[in-house]
Amino acid sequence: MIRVDGLAKHYADLRRGKLVALGGISFHARPGQIYGLLGPNGAGKTTTLRILSTVLLPTSGTATINGYDVVNQSSQVRREIGFMSANTAVYDRMTAWEMVEYFGRLHGIARDELRHRMEVLFGRLQMNEIRDRLGAKMSTGMKQKVSIARAIVHDPPVLIFDEATVGLDVLVARALLNSIAELRDHGKCILFSTHIMREAEKLCDRLAVIHRGRILAEGTLEELRDQHHERDLEELFFQLISRHDECHPPESEVDRTLEAGRDR
Amino acid sequence: MNGSNVRLILAREIRDQVRDRRTLFMIFVLPILLYPLLGMSFFQVAQFLEEKPSRVLMVGAKGVSDAADLPSLVDPQRMNRFDVRLFSDPVQVGLLELSFAPEEPRDGPEEREEPWRAARRAVQAGEYDAAVFFPPDFVERMQRFQRANRSRLEEKTSPAEATEPEDPLPLAVPEPKIIFSTANEKSQIAFARLFDVLQNWRQEIVKDQLVAAGLPTAAARPFNVATSDVAEETGHRGAAVWSKVLPILLLVWAMTGAFYPAVDLCAGEKERGTLETLLCSPAERSEIVLGKLVTIMLFSMATAALNIVSMGMTGWLVLAQLPQFGPPPAMAVVWLSLALVPVSALFSALCLALAAFAKSTKEGQYYLMPLLLVTMPLVVLPMAPGVELNLGNSLIPVTGVVLLLRSMIEGNVVQALPFAAPVSAVTLGCCLLAIRWAVEQFNSESVLFRESERLDPTLWVRHLLEDRRPTPSASAAVFCGLLILLVNFFLNTSLARWGRVESITGLVLLTQLAVIAAPALVLTLLLTTSPRRTLLLRRPRWLTLPAAATLAIVLYPTVVGLAATVHRLYPVSDVVKKQVEGVFQDANIWHLFVLIAVVPAICEELAFRGFILSGFRHLGHKWRAIVYSALFFGLTHSILQQQLIASLVGVVIGFVAVQTGSLLPAIVFHLIHNGLQLLMAHWSRGISPAVLDRWPGAHFLMFVEDGSLVFRWPVIAASAVAAFVLLRWFHALPYEKSTEEERYAAQLRAQRRDD
């Protein structure tokens, strides 16, 4: 479903010369699976997902979604995905209903079908009370709901969530995670990036630990635990990261990678 | 491109803008309020200006006002006013307030100068708006003159008493002076008023003399000049003013109306984070751009239309009461609406591209000023007196539109209509370019995801020097081009100002080596790792060299033909022609050949087809690289006419350089082209048509005009066809693509496969 092969992204950066946001990563996510990208801030998660959503071009490597190439068949790719991240905001001067309708229409859904689908969706996500509220007047949780509705209104086979729970309170975050699990059960292929261990543990069927543009470990949660003889994911994560940093201190590296705290 | 997506985006953007209070205010409320308010304040200001009296100092006027046999200058009742009979409109008497300088006993010549100087000082210091200085002997001389006149008259009537006239008629007449300052507006107004009064006074004196001589007063004014304004009959009264005001208004508001929505729709969306939402929807970038563009266009058109309607209404109701203004001509509405669409489209596309570049609305607002600075001269240039609508001017973007509109509103429809085609073509061309630019901005991830970085010049320079690539970047190419242009400009202006390089040799070598070749070579060494690849220093296939040489020869008549056309469109002034000719007057032809053909062929090619072209190759398409480098090449030439031709030739040379991957064929082409030009100019200087008789058939190929050879059109056509064939051959050569060009081609291939 999502096949990523040697994907790399470099930037020219005045301060640090060539900046490697992604150093050639590969993974494969299947339908009915939640694939987690687990990494600290600035690990390259957002860059990966932006390339998959065709907003950025990779420097090298390939990525296909449902068999479509993200570089050369970008418009087909965008039809196959629902993309939601902290960077895909909600329009201030549009109501929830108008916003979701707009994107549904852009996906070419016929009017009647769209109406029916939206009624169901608004019911399921409990959005009926914010139906006619302008984006500017919504709380973060409300906006997040609108974003989800916007991302899944065209019923895409692939869903990409980038740090979807950032800034949400416990209740809304929990509801969001539940809906994502539900979507998986409907057979969607879901790519879920996060830096929160609890979420990854609870939700993901497979995990890739990503740090400074490289995948440090990959497998199911059980596989990772067995490989690294560590039951606690947070501990495991921390060990992986610090081991990598010891072997490749940022200064000695030829391709200087992103430092923590900065995400492109 | 999916039409329904464009419609969807358009509908959303319009709704978005309509829900924005600031936009509504700028577009609907402001124009409706602005002009009536302006109209009112205009009246108040006008009244304020009209009613201010001028303070005038009268020097030496005591005798003048007392003199019995002169018509009265000053009102005998109110000593601070001129006589009311000297005004055509009696109301204006109050506009000149007189003060009299104290009369002092005059003895020596130094004292005589004193009141004159005092008056000048008073005007300089602004105590008075103007002063009138009567020379001390003014009255005496006037009286003497009158006496002489009278005795001459008596002599005529009674020839028996043949006495000598008391005084001969003086040749030099006395000169009262008005002292004023052109640096001061109030003083200028006072001068105009005083001048009228003194002229009327002089008229009165003449009249008195005529009466005394028994002649009718009409003798001094044998005829009157009456006027009749045809504009009044055709309803074009005031058209001259409106034809200047309305086009400017249209352009300025079309731009303003485009700018604010553009900033909100692009930079604003970036800032609010909704742009990425839209970018990962199925809408294509081109659909997004088109949807936004049409939205901006609609708002631009609405703003311009509302402003013009509001201004027109104000003008119709308020300004029409003034005698020198009429209401705007009714047909203006038609012409303005016709012009509105292309003008709005052009500005909308420009604003869209600029706004897409901006990271935030605040940054977007900063770009208004540069945009205005670039556009304003084009809008205001046609307002200069003497700039008329002709083919040359109609080809200048924006200026052409203003001139065309002006002629149309003035009522010269028939004369202006033929220029509608070139003006529309140029405007449309600019529009398409601007739209392409906007689409490109939306396709460039460095523009869409631009981050504000701290500007650190040292880091930047270090980055340039350390992270060098084999060939320069596009921005390095731009930098090199601008550097050459700037240095060239300053060199030329400073030479013109501070002295001349004595010989043409010095001038050419200085320009070519120091201004053109040196920057390119230095930048190549500093900024690239492979001078060989940057400057295309590679051995070409041997066949390309004779091919380039043949191309240069074959293309020559076409270039000459084009140059002739350009010179017809934009004639070179005689002064410039003389200067250019003077340079070549008395130099050895082979010496000149080295200077004009050999040196520039090497130096200019190194810079323009070497460094600059290689830099632009990173833009992703060879033609863009070729055209941009050719534009820089053209701009280094000094006169406009040369710039146009050189840019076209530059495209051909750039193409040859890209296709052969080597600088050598380009140098060969350049050398032969310049050489031919020089030799033809040399041999045909002062040529007589008889020369052509020596060769049979020569008359069919060329003729002599203004002492130079001109090719006939069959030659030009044959030359163009042959050149085309040769260019096809170059086109068929496999050429080396840059990484960016490879990527672009791969995308195109994939797109074609999908379709």
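## A tour that starts at a helix crossing

Helices H26 and H27 of chain B cross with a right-handed turn. (A crossing is right-handed if the near helix is turned clockwise from the far one by less than a right angle, and left-handed if anticlockwise.) Before you click on, note that this is a predicted model, where local features need pLDDT of at least 70, side-chain atom pairs count only at pLDDT 80 or more, and totals for chains, interfaces and linings use all residues. Residues are numbered from 1 along each chain as its sequence is written, while chains are lettered from A and ligands numbered from 1 in the order in which they are written.

**Stop 1: the crossing pair.** Select residues 589-616 of chain B for H26, then 622-635 for H27. Helices (H or I, at least four residues) and strands (E, at least two) are DSSP runs, numbered from the N terminus. Two packed helices are described by the angle between their axes and the distance between the axes. Here the axes come within 9 Å and cross at roughly 140°. (Axes are lines fitted to C-alpha atoms, for helices over the stretch in contact, and angles run from 0 to 180 degrees between N-to-C directions.) H26(B) and H27(B) are therefore oblique to each other; angles under 35 degrees count as roughly parallel, over 145 as roughly antiparallel, 65 to 115 as roughly perpendicular and the rest as oblique.

Now show some side chains. From H26(B), pick among others B:Phe608, B:Ile612 and B:Phe616; the H27(B) residues they help to meet include B:Tyr628, B:Phe632 and B:Phe633. (Contact means that the C-beta atoms of two residues, placed from the backbone, lie within 7 Å.) The residues where the two helices touch divide into 8 nonpolar, 1 polar and 3 charged. Ala, Val, Leu, Ile, Met, Phe, Trp, Tyr, Cys and Pro count as nonpolar, Asp, Glu, Lys and Arg as charged, and the others, Gly among them, as polar.

**Stop 2: helix H28.** Go to residues 640-660 of chain B. This helix has 21 residues and reaches 30 Å from its first C-alpha to its last, close to the 30 Å expected at 1.5 Å a residue. (The expected span is 1.5 Å times one less than the number of residues.) Just after H28(B), B:Gly661 takes a positive phi of about 65°.

**Stop 3: two odd backbones.** Most residues other than glycine have a negative phi. B:Val398 goes the other way, with a positive phi of about 65°. Find B:Val398 in the loop between H15 (391-394) and H16 (399-410) of chain B. Is B:Val398 buried or exposed? B:Val398 is buried, with 25 other C-beta atoms within 10 Å. (Buried takes 20 or more such atoms, exposed 12 or fewer, and partly exposed is in between; C-beta atoms are placed from the backbone.)

Then jump to A:His229, whose phi is positive too, near 50°. A:His229 lies in the loop between H8 (221-228) and H9 (233-247) of chain A, and is exposed, with 8 other C-beta atoms within 10 Å.

**Stop 4: where the chains touch.** Show both chains: 27 residues of chain A are in contact with 29 residues of chain B. On the chain A side, strand E2 (17-29), helix H2 (74-80) and helix H3 (96-106) each supply at least two residues. H3(A) gives the largest share, 4 residues.

**Last stop: A:Ala136.** Select this residue in the loop between H4 (111-124) and H5 (140-152) of chain A. A:Ala136 is partly exposed, with 13 other C-beta atoms within 10 Å.
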